Amino acid sequence: MITRRQLLRASITTGLGLIASRLAFADEIKKPTNAKAKNIILLWMNGGPSHIDTWDPKQGKVAGSGKSIKTNVPGIMISEHMPSLAAMANKLAIVRGMSSKEGNHQRAQYLLRTGYSPNPTVAHPTLAAWTSKKLGEPASGLPASVSLGGPSLGGGFFGVQYGPFVVGQPGQMPANVGYGPGVDASRFEARKGILEEMDQAFAQRTGDAKVEGRRALYGKADRLMHASTLKAFDVTEEPESVRKAFGDTNFGKGCLTATRLVANGVKFVEVTLDGWDTHQDNFGRTKKLMETLDPAMSSLLKELDARKLHETLVVWMGDFGRTPKINGNDGRDHHPQAWSAVLAGAGVRGGIAYGETDADGDKVVKDAVSVPNLLATIATLVGLDPDDMAVSPAGRPISLTDHGIAVKALLG
């Protein structure tokens, strides 16, 4: 295992060329170890959810019309609009000490998925891409990484083959997974042969390294089209009582689909709940969003337990938090200085609220957690080394997170 200290020593003694070769070799042989989780389900709250109105409720003027309720863990209060999750808080690690410096949506979304602030010189792989690359493709023929209800981010310099398979409408079969009009299996195979010849000629003529990535992507598409487990995307196979529990929403269907996908070996599933950019009507909008979130997330945790998918890690997070100050449009604005994330499932120490913000939810006053440290914690749970390295196309060594260190208090 190559650590940063060993890398530094190598650079001093043998030069950058040797570092690159050793890193490339390590990238091929390093395997996950001591994993508590085998799959990750990321519940992505697009737009930046208000921590004050969800997991870190406050009192007085800053709370606006929001009210809190007790959970099944003494001393932990959350929003009144999440009663089902309140009843299972003993399974949750609520991280109230999250803090970052990125208050722009695009930059924050990049940071939360890669552990790095955006840099024009390198496209960092996401945690999903690292997970896909290291844990490998499912034997079921399904993709290693799936995004439900949102596009997420690609594979960075790992290549397009490590980006997510995107399904815009969760709960139903993906589009374009059958043969086109007038195409049968024989003609499909003939067309694949022609495509391979064209790719080979292009690669020889140009030396373009992207060809290999495209070939890998085509291969994944081919396997998916012919996978016997393709029906995992179709939630209509589930009993009506199960579908009703998750809620008749895209997010609810996405959470149920995620359950079915990890049961069939998918390593990373992202499910998007959009609409958290509440500059206007914060309280009305967050109420509706939590009425969608609460049944879906609580049912997800129950179903994972019922189906004995105990090695699945569930992560709840979004761009950043929202301001304690309520603006003139009854909304809250961007606030990266303090916000919340939630972990549950495999290897997580449940029943805790880690970190603390001040009385207004404006600043973290105890046990601050950076984004790289959160991602390092998630990586550790799935058996990845936060110090693992890969070499960018420019020959630059890039670690899984930007100096992230796992938060031991969150590990069970």
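Which residues of β1 are buried on one side, and which on the other? The views below, all taken from a predicted model, start with that strand.

**View 1. Strand β1, covered on both faces.** Here's the answer: Asn39, Ile41, Leu43 and Met45 sit on one side, while Ile40, Leu42, Trp44 and Asn46 sit on the other, and all of them are buried. That fits the count for the strand, which covers residues 39-46: 8 of its 8 residues are buried. If the every-other-residue pattern looks odd, remember that in a regular strand the side chains alternate between the two faces of the sheet.

**View 2. β1 and its two partner strands, β8 and β7.** Strand β8 (residues 312-318) runs parallel to β1, and the pair shares 7 bridges. Look for Trp44, whose bridge partner in β8 is Met317, and for Ile41, which is matched with Val314 of β8. Strand β7 (residues 268-274) is also parallel to β1, again with 7 bridges. To find that pairing, pick out Ile40 and its bridge partner Phe268 in β7.

**View 3. The open sheet of 8 strands.** Zoom out a bit and you can read off the order β6-β5-β7-β1-β8-β11-β4-β12, with mixed pairing. β6 and β12 (352-354) stand at the edges with a single partner strand each, so one side of each has no neighbour in the sheet. Going from one strand to the next, the twist averages 15 degrees.

**View 4. Two helices packed on the sheet, α9 and α10.** Helix α9 (residues 250-263) touches β1, β5 (145-148), β7 and β8, and its direction makes about 175 degrees with that of β7. Helix α10 (residues 282-306) packs on the sheet too, touching β1, β4 (92-98), β7, β8 and β11 (339-345). The direction of α10 makes about 165 degrees with that of β8.

**View 5. Helix α7 and what covers it.** This helix has 16 residues (210-225), so at 1.5 Å a residue it should span 22 Å. Its end C-alpha atoms are 23 Å apart, which agrees. The buried residues of α7 are Val211, Gly213, Lys220, Asp222 and Leu224. Among the elements covering those residues are β6 (165-167) and α6 (185-206).

Terms used. Residues numbered from 1 in each chain as written. Predicted model: local features only at pLDDT ≥ 70, side-chain atom pairs only at ≥ 80, totals over all residues. Heavy atoms only, no water. Helix = DSSP H or I, 4+ residues; strand = E, 2+ residues; numbered from the N terminus. Expected span 1.5 Å × (residues − 1). Buried < 20%, exposed > 50% of the residue type's maximum accessible area, 1.4 Å probe, protein only. Contact = heavy atoms within 4.5 Å. Pairing = 2+ DSSP bridges. Axes fitted to C-alpha atoms, helices over the stretch in contact; angles between N-to-C directions.
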